[in-house]
Amino acid sequence: MAGELSASMMCANFLDLQNNLKELQAAEIEYLHFDIMDGQFVPNYTLGPCVMDQIREQTDIPFDIHLMVERPEDKMNFFNIQQGDLVSVHYETTYHLQRLLERIRKMGACPGVAINPATPVTSITEILDDVDFILIMTVNPGFAGQKMIPYSLNKIAKTKWFLLDHGYPNIKIQVDGNVSFENSRHMRDAGADIFVVGSSGLFMKNMTIYNAAMEMRKCISHEYKI
Ligand code: DX5
Ligand code: ZN
């Protein structure tokens with residue numbers, strides 16, 4: 001499958017959002033990634049339902065909602081989840097993961113499980129039937145502008161093998177954190193499919209969003225090397 005791009009909206013310029021959206025649309029970005037934080041599971045706050053509703057009115061690009069909150073089951077109804085959206089919840093945040101994934105599926109969205117750098121991919125062996133994608137955090141979640149944890153590349157490759165070995169070749173691997181031009185090539189080699197691009201690879205100081213997206217596409221267009 002071809003590599004896809006998900007724009008990390010916490011890195012957008014909110015004072016120039018309409019133009020940012022135009023460029024994202026022109027570059028045919030596949031998803032808009034919303035990092036939802038609660039100041040508890042992760043030590044930060046970012047985007048919320050109001051700004052998401054306003055953005056929804058301006059674009060048809062599906063949303064990719066990354067819930068970095070304790071007890072996501074209690075907070076999901078704040079978000080206007082729509083058919084075709086990606087919605088990921090962290091393995092570390094809920095007791096009843098399977099029930100929650102089923103609920104996301106019933107809403108018409110694509111369920112995903114996110115795992116922190118310290119969480120082994122084998123933790124989610126039993127719920128593979130319930131997910132369309134696995135989000136591998138390649139930094140500790142909470143902040144943009146961090147450096148990729150080096151063993152992440154190995155973890156992506158291990159996850160790819162794990163999925164093939166268990167008979168799930170169609171579950172996509174999403175990567176989030178320091179997806180730069182250089183890192184994205186290696187992530188793709190290792191088996192990544194959806195690339196969350198923020199300050200390191202899309203919303204950059206020295207390049208337009210459109211040009212960065214074109215460059216990023218070149219970096220992730222090849223087949224996996226594993
Ligand atoms: C971490 C965030 C970041 C960010 C991506 O919680 O999800 O991964 O938006 O952007 P950069 O490129 O700054 O890591
Ligand atoms: Zn994210």
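The following paragraphs describe a zinc site, a helix and a surface patch in a predicted model. Residues are numbered from 1 along each chain as its sequence is written, and chains are lettered from A and ligands numbered from 1 in the order in which they are written. Local features need pLDDT of at least 70, side-chain atom pairs count only at pLDDT 80 or more, totals for chains, interfaces and linings use all residues, and side-chain values use heavy atoms, with hydrogens and water left out.

The zinc ion (ligand 2) has as protein donors His33 (NE2), Asp35 (OD), His66 (ND1) and Asp176 (OD), at 2.0 to 2.2 Å; donors are N, O and S atoms within 2.8 Å of the metal (3.2 Å for Na, K and Ca). The angles subtended by the four donor atoms run from 92 to 154 degrees, which makes the arrangement irregular; four donors count as tetrahedral if all angles lie between 85 and 135 degrees, and as square planar if opposite donors are over 155 degrees apart and all others between 65 and 115. Along the sequence, the donor residues follow the spacing H-x1-D-x30-H-x109-D. Distant parts of the chain are linked by His66 in strand 3 (residues 63–68) and Asp176 in strand 7 (residues 172–176), 110 residues apart. Strands (E, at least two residues) and helices (H or I, at least four) are DSSP runs, numbered from the N terminus. His66 and Asp176 are both buried, that is, under 20% relative accessible area, whereas exposed means over 50% (1.4 Å probe, protein chains only).

Helix 3 (residues 97–106) contains the buried residues Leu97, Leu100, Leu101 and Ile104. Viewed down the axis of helix 3, its buried residues fall within an arc of 100 degrees, so they line one face of the helix; the arc is that of the directions from the helix axis to the C-beta atoms. On the face turned away from this buried side, helix 3 carries the exposed residues Arg99 and Lys106.

Technical notes:
Four donors count as tetrahedral if all angles lie between 85 and 135 degrees; four count as square planar and six as octahedral if opposite donors are over 155 degrees apart and all others between 65 and 115; anything else is irregular.
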